[in-house]
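Biologist: I am new to this structure and would love a guided tour. Could you take your time over one part and then lead me on from there?

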Amino acid sequence: GPGGDRTFFGHPRALGGLFFTEAWERFSYYGMRALLLYYMYDQVANGGLGIPADTAKSLVAAYGSVTFMSAVLGGWLSDRFLGDRRATLYGGTLIMAGHVCLALPAGVTALFASMVLIAVGTGLLKPSVSSSVGDLYGRDDPRRDAGFSIYYMGISVGAVAAPLVVGTLGQSYDYHLGFGVAAVGMALGLVVYLRTGRHLSSASNGPKNPLVLREVPRRRLLIAAAAAAVVVVALGTAAGTGTLGVGGVVNLISVLAVALPVAYFTVMLRSPRTGPAERTRLRGYIPLFAAAVVFWVIQEQGATVIAQYAQQSTDLDAFGFAIPPTWFQSVGSFVLIVLTPLFAMLWLRLDRRPRPPSTAAKFSVALAVAGCSFLLLVFPGTAAGPSNPLWLVGSLALVTVGEMCLSPIGLAATTRLAPAAFATQTMGLWLTAGAAGQGIGAQLVKLYDPATTAVYFGAVGGAAVVLAAVLLAAAPLIRRRTDVPAAAPTPEG
Ligand code: GLN
C-alpha cells in the first residue's frame, strides 16, 4: 500500500493495534463501571439487585481495587510464563466472559462470577498491553514518551464513549443489554488484537524472564504451595460458612490493597539487588506514591460517590431533557482528550526552564486541584434542592486537570525511580497506587450521606488540600533524594 499506512502517526504500526485493543477493552470496563453502581442499588422491580447503596459503593470501589492489584500477579505471570501476547488474549477472553455473565439476567451469582473473571482478565491484559507498547521502542527511542501519551489517549477514547453507549442503553432499556454491549466491545478489541498482532515486537511472543520450575529450590516451591493452600482453604472456609460476608470481603480487600504496596517497598528497600543510590531515590519516591494514592482516593470516587450524587442530588432536567446520569462518567475523559495537546505544550515549556518544576510540585498541584473538585461541591450542597449539573461538570473537569498533572508523570517517574532489578514490575507497582486508593475509598464511601453532602465533600476535599500543602513544603527534601545521581555518594552514606 502507500507509504502512509506503514506507521501510526509516525509511530510503529503496531501502536495502532494496541491503541484500539486498549480503547475497546477500556470501553467495556468503563461502560460496565458506569452502569454497575446503579444496577446494584436499583430496586429489583426496576431490574436492579436492590443492594443497599453503602454496600454497593464499597463493593464497586473494592472491585476496582482488585482489578488493579491483580495487575501485579498478571504482570508476573506474563513475565515468567505466558508472554504478553498470550496474556493479552487470555485476559481479553476472560474479560469478555465476565461481561457476558452480567448480560445474563442471573442476579448476584452472575455479578460475583463476572467480578472474578474481569478482575483476573484485566490483571492479565492491562500490564501486558502497556508493556507491548514499551517493546515497540528501543531503549533510547525519543518517541517512547509520545507513544505512551498516544496510548493514554486510546484509554480515554474508550472511556469517553462507553458511558454514553453502554450507560444509556443499560439505563434507558435494560441493564443486561448494556452489559451485553460491553461484551461486544471486548470482542471487538480481541478481533483488533488478533488482526494486528503480527506487527507486534517479537519481545511480546514469550516470557521475558522465564521461570524454569526445575531450577527453583525445592524449599521455595513447598513454601509457595503451602502459602497458596492456606489462602485457598481460609477463603474457601470463610465463603462456605458465610463468616466473612460481603462486608468482610470488602474490608479484607482494603487491608490487602494498602499492605501490598507497603510490602513491595519493604522488599525493594531491603533487597541486596538495590544499590545505595537506588535506595535513596526509592525513599524519595515513597511520598510521591503516597500522594498518588490520595489522588486516586478522590478521582476513583467518580464511579461511586459522584455517581450517586449525579443520580440523587443533581437536577437532571435542568436543560430541558432528562440527562442520563451515566453521562457524567464521560466528562473526565472528554476533558482529558481536549486538554492533552495543551498540557503536552505546557510540560515542554516548563521542563525546558532552568529550574523545571519537580515531580513533587506537579503532584502537589494535582492533589490540591482534586481537593478543590470536592470543595466546589460544598456550594450546591449547602443550598436546598438538587444542584445544577454544571457544578458536577466543573468538579469533574477539575479532577481531570489534576489527573493530567499526576497520571502520565507518575508513570514516567516510576520507571525512572524504581530499582533496575525490579524494572519489569514497575507497571504493576504504579497500578498498586490506584489499588490502594480504591481500597481506602471502599471504607471512606461508607461515610457519604446524601442528606449532608457538603460535610463529606468539605472534609475529604479539605484534607486533600492540606496534604497538598504538606507535599509542596516537602518538595525540596524529596527532590534531594530523587535527583541523587547513580554513582554519587548518598546523603545517608
Ligand atoms: N484511568 C486510567 C486507566 O484506566 C489510569 C488509572 C490508574 O492508574 N489508577 O488506565
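Biologist: Let us begin with Phe-9: does Phe-9 count as buried or exposed?

Modeller: Happy to help, and please keep in mind that this is a predicted model. Phe-9 counts as exposed, because its relative accessibility is 69%, above the 50% cut-off for that class. Phe-9 lies in the loop between strand E1 (7-8) and strand E2 (11-12). Its backbone deserves a look as well: the phi of Phe-9 is near 50 degrees, a positive value in a residue other than glycine. For background, most residues other than glycine have a negative phi.

For contrast, let us turn to some buried places. Helix H10 (residues 305-312) is largely enclosed by the rest of the structure, because six of its eight residues are buried. Those buried residues are Val-305, Ile-306, Ala-307, Gln-308, Tyr-309 and Ala-310. Let us pause at Gln-308, which is found in helix H10. Gln-308 counts as buried, with a relative accessibility of 3%. The side chain of Gln-308 makes a polar contact with the side chain of Lys-57, at 2.6 Å. Leaving aside neighbours within four places in sequence, Gln-308 is in contact with Leu-37, Tyr-41, Ala-53, Lys-57, Ser-313, Tyr-448 and Pro-450.

Two other buried residues make good stops. Phe-295 has its place in helix H9 (residues 276-299), and at 0% relative accessibility it counts as buried. Beyond its neighbours within four places in sequence, Phe-295 is in contact with residues including Ala-366, Leu-367, Val-399 and Leu-406. Phe-295 and Leu-177 are 118 residues apart in sequence, and 33 Å separate them in space, C-alpha to C-alpha. Ser-132, in turn, sits in helix H4 (residues 107-134) and is buried, with a relative accessible area of 1%. Once neighbours within four places in sequence are set aside, Ser-132 is in contact with Leu-18, Asp-84, Leu-200 and Ser-204.

Now for the ligand. The residues around it are Arg-26, Tyr-30, Phe-68, Lys-126, Tyr-152, Ile-155, Trp-296, Trp-430, Leu-431 and Gly-434. By class, this shell has seven nonpolar, one polar and two charged residues. A polar side-chain atom of Arg-26 lies 2.7 Å from an oxygen atom of the ligand. For Tyr-30, an N or O atom in the side chain is 2.7 Å from an oxygen atom of the ligand. Lys-126 also has a side-chain N or O atom 2.7 Å from an oxygen atom of the ligand. Taken alone, the ligand exposes 300 Å², and the protein buries 95% of that. The elements that give two or more residues to the shell are helix H1 (14-41), helix H5 (144-172) and helix H15 (426-444). Of the contributors, H15 gives the most, with three residues.

Finally, a word on confidence. The chain has a mean pLDDT of 91, and 97% of its residues reach 70 or more. Within the chain, confidence is highest in helix H6 (residues 175-196), at a mean of 98, and lowest in helix H7 (residues 218-241), at 84. For the complex, the predictor gives an ipTM of 0.95 and a pTM of 0.91.

Conventions. Residues numbered from 1 in each chain as written. Predicted model: local features only at pLDDT ≥ 70, side-chain atom pairs only at ≥ 80, totals over all residues. Heavy atoms only, no water. Near = heavy atom within 4 Å. Polar contact = N/O pair within 3.5 Å; in protein donor to acceptor, adjacent residues only side chain to side chain. Areas by Shrake-Rupley, 256 points an atom, 1.4 Å probe, with all protein chains shown as cover. Helix = DSSP H or I, 4+ residues; strand = E, 2+ residues; numbered from the N terminus. Nonpolar A, V, L, I, M, F, W, Y, C, P; charged D, E, K, R; others polar. pLDDT = per-residue confidence, 0-100. Buried < 20%, exposed > 50% of the residue type's maximum accessible area, 1.4 Å probe, protein only. Contact = heavy atoms within 4.5 Å.
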